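Me: I'd like to learn how to read a fold step by step. Can you walk me through one?

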Amino acid sequence: MDLTYNKTEKLKRQKTINKLFSEGKSVSAYPLQLIYMIEDNKRKVGVSVSKRKFKKAVERIRIKRLLREGYRLNKSILINNKLDHYTLMIIYVGKEMPDFKTIDLKIKGILKKLIQTLKAN
RNA sequence: GAAGCAGAUCGCCUUAUCGCUUUUUAUUUUGAAUUAUAUUCAGAAAUAUAAAGAGGAAAGUCCGGACACCAUAGUGUAGCAUAGUGGCUAACAGCCAUCAAUCGUAAGGUUAGGAAAAGUGCAACAGAAAGUAUGUACAGGUAAUGCUGUAGUGAAAUCAGGUAAACUCUAUGCGGUGCAAUGCCAUGUAAACUAGUGCUCCAUUGGAAAAGUGUACACGCACGAUGCUAGAGGGUAGGCAGCUAAAGGCUAUUGGUAACAAUAGUUGUAGAUAAAUGAUAAGGGCUUUUAAAAGUACAAAAUCCGGCUUAUAGAUCUGCUUUUUUU
């Protein structure tokens with residue numbers, strides 16, 4: 001089972017990020033929002049937290065780490081459903097500091113929701 | 001013992017499993033070159049292994065430098081900053097010593113502490129009057145006059161003082177822009193297109209120079225047609241270097257009241273870039289509490305250093321002061 005999340009899998013290019021925000025579709029399940037795009041033949045995933053909602057850098061870094069960890073442990077949900085090329089941006093839109101258990105749960109939820117919406121189309 | 005003053009240090013730990021970033025070594029794959037099928041080279045990827053991986057403030061971005069580019073950064077004006085005296089430093093608005101004022105019983109704390117005989121402005125109450133000033137009473141004096149003295153008000157009353165966290169003056173310092181600096185590679189018809197403006201003079205492989213451009217302004221200086229200004233539409237916004245060894249840390253000795261300096265020894269410590277340093281589980285510290293249980297702060301590098309300021313649960317150490325008790 002693949003539990004890695006290294007440099008090559010990170011969403012880095014400014015261009016693709018802009019494209020994702022302008023053309024991608026979104027699925028939301030509070031306190032998370034997922035913007036996705038099924039185009040590239042590689043997996044690219046980024047995480048984000050609004051600076052407005054969390055002013056301190058410590059809090060933002062903490063949430064990003066939790067989001068990354070949640071994706072790393074649960075990305076098998078996507079791969080087991082024969083989905084291995086995608087571009088994702090996971091955004092935390094909540095207003096309070098989460099702990100890992102809720103993040104883990106919500107990530108699982110939103111990834112399953114993504115698969116359902118894709119199958120429906 | 002209690003209350004307090006000054007200074008310094010630390011600021012969670014261990015194990016297991018799953019991960020992240022950088023680097024070392026090994027193997028495999030791939031690429032390039034060639035004397036051509038085996039060597040060499042350096043790069044990339046994967047796997048394994050080992051090592052390292054946020055702070056005392058990393059913060060605020062408030063000062064000062066290093067470094068880079070703009071001209072070898074010049075002169076004057078403007079502007080800004082600093083302000084007892086002496087010293088330290090690469091430098092400073094920092095630090096040390098000391099004087100004065102002031103607060104505290106004291107240890108100690110605090111201070112925008114230069115100049116009012118250059119000029120301008122401002123000033124409560126009292127008082128006739130506070131600078132284009134001259135009233136009353138008494139006394140003196142004159143040709144005459146508040147001309148002179150005393151009384152009275154006030155901090156200050158006629159060659160006066162106060163105020164410069166008011167202008168000002170004096171002394172000293174400061175050129176500008178910041179690592180998104182800057183250089184290289186790759187990509188790109190990119191010195192592209194349209195409009196406006198400019199395209200000079202002498203001369204002939206050269207020289208001079210207008211407009212213009214370069215810094216707050218002026219001068220000066222440099223560049224000066226591959227120009228300048230505006231518009232529309234597009235491309236790129238990726239990689240490498242800069243990038244971490246530093247006015248470094250620690251210890252000892254010497255000089256100095258000290259800040260600090262010199263010498264010797266020792267040590268070798270993050271380098272990311274939508275931004276690594278994490279997640280989970282178990283256990284242990286520490287604080288509150290009979291226990292259960294709860295709490296375990298503030299706050300995360302972004303070119304690098306020296307400061308200042310602000311935030312901070314809790315813990316430790318050193319020196320000193322006052323007071324009480326005991327011996």
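Reply: We'll go from confidence to the overall layout, then the sheet, then the helices. Keep in mind that this is a predicted model.

Me: Confidence, then. What is the mean pLDDT of chain A, and which helix has the lowest value among its elements?

Reply: Chain A has a mean pLDDT of 76, with 77% of its residues at 70 or more. Among its elements, helix α1 (residues 14–23) has the lowest mean at 64, while α2 has the highest at 84. For the complex, the predictor gives an ipTM of 0.83 and a pTM of 0.74.

Me: How many helices and strands are there in chain A, and what pattern do they follow?

Reply: You'll find 4 helices and 4 strands. Along the sequence they read α-β-β-β-α-α-β-α. As for contacts between residues at least 6 apart in sequence, 80% join residues at least 24 apart.

Me: On to the sheet. What is the order of its strands?

Reply: The general idea is that strands pair through backbone hydrogen bonds, either parallel or antiparallel. In this model, 4 strands form an open sheet ordered β1-β2-β4-β3, and the pairing is mixed. The edges belong to β1 and β3 (43–49), each with a single partner strand, so one side of each has no neighbour in the sheet. On average, neighbouring strands are turned by 20° against each other, direction ignored.

Me: How many bridges join β3 to β4, and do they run parallel or antiparallel?

Reply: They run parallel, and 7 bridges join β3 to β4 (residues 86–92). For one you can look up, take R43, whose bridge partner in β4 is Y86.

Me: Which strands do α2 and α4 meet?

Reply: α2 lies across β3 and β4, at about 150° to β3. α4 packs on the sheet and touches β1 and β2, its direction making about 140° with that of β1.

Me: Let's stay with α4. What span should it have?

Reply: Count 1.5 Å a residue: the 21 residues of α4 (100–120) should span 30 Å, and the end C-alpha atoms are 30 Å apart, which agrees.

Me: And which residues of α4 are buried?

Reply: Those are I103, K106, I107, I110, L111 and L114. Looking down the axis, you'd see them fall within an arc of 135°, so they line one face of the helix. Their cover includes β1 (25–29), β2 (32–37), α2 (57–74) and α3 (76–80). The face turned away from that buried side carries the exposed residues K101, Q116, K119 and A120.

Me: What share of chain A is buried?

Reply: Of its 121 residues, 22% are buried.

Definitions and conventions:
Residues numbered from 1 in each chain as written. Chains lettered and ligands numbered in written order. Predicted model: local features only at pLDDT ≥ 70, side-chain atom pairs only at ≥ 80, totals over all residues. Helix = DSSP H or I, 4+ residues; strand = E, 2+ residues; numbered from the N terminus. Expected span 1.5 Å × (residues − 1). Buried ≥ 20, exposed ≤ 12 C-beta atoms within 10 Å, placed from the backbone. Arc of directions from axis to C-beta. Contact = placed C-beta atoms within 7 Å. pLDDT = per-residue confidence, 0-100. Pairing = 2+ DSSP bridges. Axes fitted to C-alpha atoms, helices over the stretch in contact; angles between N-to-C directions.
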